[in-house]
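Trainee: Got a minute to walk me through this one?
Mentor: Sure, pull it up.

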Amino acid sequence: AIFKRKEYNSIKGDTLHIVYSGRIHPEKGLINLVKAASLLAEKSPVKLSFIGTSDLQKGGGGEEYRRQLAESAKVVDLVFTGEMSDPQQMADYMKTADIYCYPPLPTTGDAMPCAPLEAMALGLPVIVSDLPCFDDYLVHNKNGIRFDVSHNAVEHLLQAIELLVLDESLRRQISENAVKSASDFSSPNIAKQYLNLFQSLLHNGKSLA
């Protein structure tokens with residue numbers, strides 16, 4: 001219930017706000033996001049928020065990697081919020097975003113990242129890499145945008161961001177579809193599927209007895 005849809009808003013502010021949540025680590029492809037945002041910021045203001053830790057002991061990339069990101073940001077307003085352990089705090093912060101981006105590299109070990117699903121539940125237009133780990137819930141140009149991360153990743157990511165900025169109709173369509181898709185993975189729906197499965201197994205067991 002915390003991650004529930006905000007009222008749909010078009011991009012009206014002077015500054016485009018893009019949010020990422022997760023570990024601040026090289027395998028998450030954040031350098032590509034920073035570089036793409038920097039190119040976009042040459043035309044109009046961009047704020048980039050990274051929610052998560054860079055602490056090596058917690059799976060982050062360390063302070064040196066964080067400095068690399070900051071140096072590459074150039075004219076981007078890059079904000080490291082740190083960890084947000086309170087789900088409500090995170091949801092409230094994410095609601096201030098115009099776009100959510102989760103751009104991991106092919107080397108990552110993500111099984112099925114939940115962070116983009118949380119953003120989708122909020123109705124945020126989501127951009128992710130074209131990796132198989134997103135196949136279960138994100139369809140390109142339907143409920144999100146997927147970009148080619150294996151070749152010219154920065155260029156393709158920039159194109160994905162610009163597409164969402166320029167095409168208001170597509171943004172609205174993706175937002176509405178994202179909310180519907182995320183609801184399929186809600187706790188009540190997953191619990192109901194498990195209960196139906198257990199009932200089916202019990203029924204089949206009695207039939208075989």
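What follows is a quick tour, from the overall layout down to single residues.

Trainee: What kind of model is this?
Mentor: This is a predicted model.

Trainee: OK. How many helices and strands does the protein have?
Mentor: Seven helices and six strands. From the N terminus on, the order is β-α-β-α-β-α-β-α-β-β-α-α-α.

Trainee: And what share of the residues is buried?
Mentor: 45% of the 209 residues.

Trainee: What about contacts between residues far along the chain?
Mentor: Take the contacts with a separation of 6 or more. Residues 24 or more positions apart account for 73% of them.

Trainee: Let's pick a helix. What span should H6 have, and what does the model give?
Mentor: H6 covers residues 168-183, which is 16 residues. At 1.5 Å a residue, the helix should span 22 Å. The end C-alpha atoms are 23 Å apart, so the two agree.

Trainee: What happens at the start of H6?
Mentor: Asp167 puts a side-chain oxygen within 3.3 Å of the backbone nitrogen of Ser169.

Trainee: Which residues of H6 are buried?
Mentor: Leu170, Arg171, Ile174, Ser175, Asn177, Ala178, Ser181 and Ala182.

Trainee: And what covers them?
Mentor: The cover includes strands S4 (99-102) and S6 (145-147), plus helices H4 (115-121) and H5 (153-166).

Trainee: You just named S6. Anything worth a look there?
Mentor: Try Arg146, which lies in strand S6.

Trainee: Is that arginine buried or exposed?
Mentor: Buried. Its relative accessibility is 18%, and the cut-off for buried is under 20%.

Trainee: So what does the side chain of Arg146 reach?
Mentor: One partner is the backbone oxygen of Leu131, at 2.6 Å. Another is the backbone oxygen of Leu138, at 3.1 Å.

Trainee: Which other residues is Arg146 in contact with?
Mentor: Leave aside neighbours within four places in sequence. The list then includes Val128, Ser129, Asp130, Pro132, Phe134, Asp135 and His140.

Trainee: Val128, then. Where is its place?
Mentor: Val128 sits in strand S5, residues 126-129. Val128 is buried, at a relative accessible area of 0%.

Trainee: What is Val128 in contact with?
Mentor: Beyond neighbours within four places in sequence, Tyr102, Pro116, Phe134, Leu138, Ile145, Arg146 and Phe147.

Trainee: How far apart are the C-alpha atoms of Val128 and Asp148?
Mentor: 9.3 Å, with their positions 20 residues apart along the chain.

Trainee: New topic. What's the volume of the second largest pocket?
Mentor: About 160 Å³. The lining has 13 residues. Leu16, Leu40, Ser44, Pro45 and Val165 lie nearest the centre.

Trainee: Which element gives the most to that lining?
Mentor: H5, with three residues.

Trainee: How do the lining residues divide by type?
Mentor: Seven nonpolar, three polar and three charged.

Trainee: Last one. Where is the place of Thr53?
Mentor: In the loop between strand S2 (46-51) and helix H2 (62-73). Thr53 is buried, with a relative accessible area of 12%.

Trainee: What does its side chain pair up with?
Mentor: A polar atom of the Thr53 side chain lies 2.9 Å from the backbone nitrogen of Asp55.

Trainee: And the contacts of Thr53 further along the sequence?
Mentor: Setting aside neighbours within four places, Thr53 is in contact with Gly22, Arg23, Ile24, Lys58, Gly60 and Glu83.

Terms used. Residues numbered from 1 in each chain as written. Predicted model: local features only at pLDDT ≥ 70, side-chain atom pairs only at ≥ 80, totals over all residues. Heavy atoms only, no water. Helix = DSSP H or I, 4+ residues; strand = E, 2+ residues; numbered from the N terminus. Expected span 1.5 Å × (residues − 1). Buried < 20%, exposed > 50% of the residue type's maximum accessible area, 1.4 Å probe, protein only. Contact = heavy atoms within 4.5 Å. Polar contact = N/O pair within 3.5 Å; in protein donor to acceptor, adjacent residues only side chain to side chain. 1 Å grid on protein atoms, 1.4 Å probe; cavity = no way out; pocket = protein on both sides within 12 Å on 5 of 7 lines; lining within 4 Å. Points joined across faces, edges and corners; volume = space filled by probe spheres on them. Nonpolar A, V, L, I, M, F, W, Y, C, P; charged D, E, K, R; others polar.
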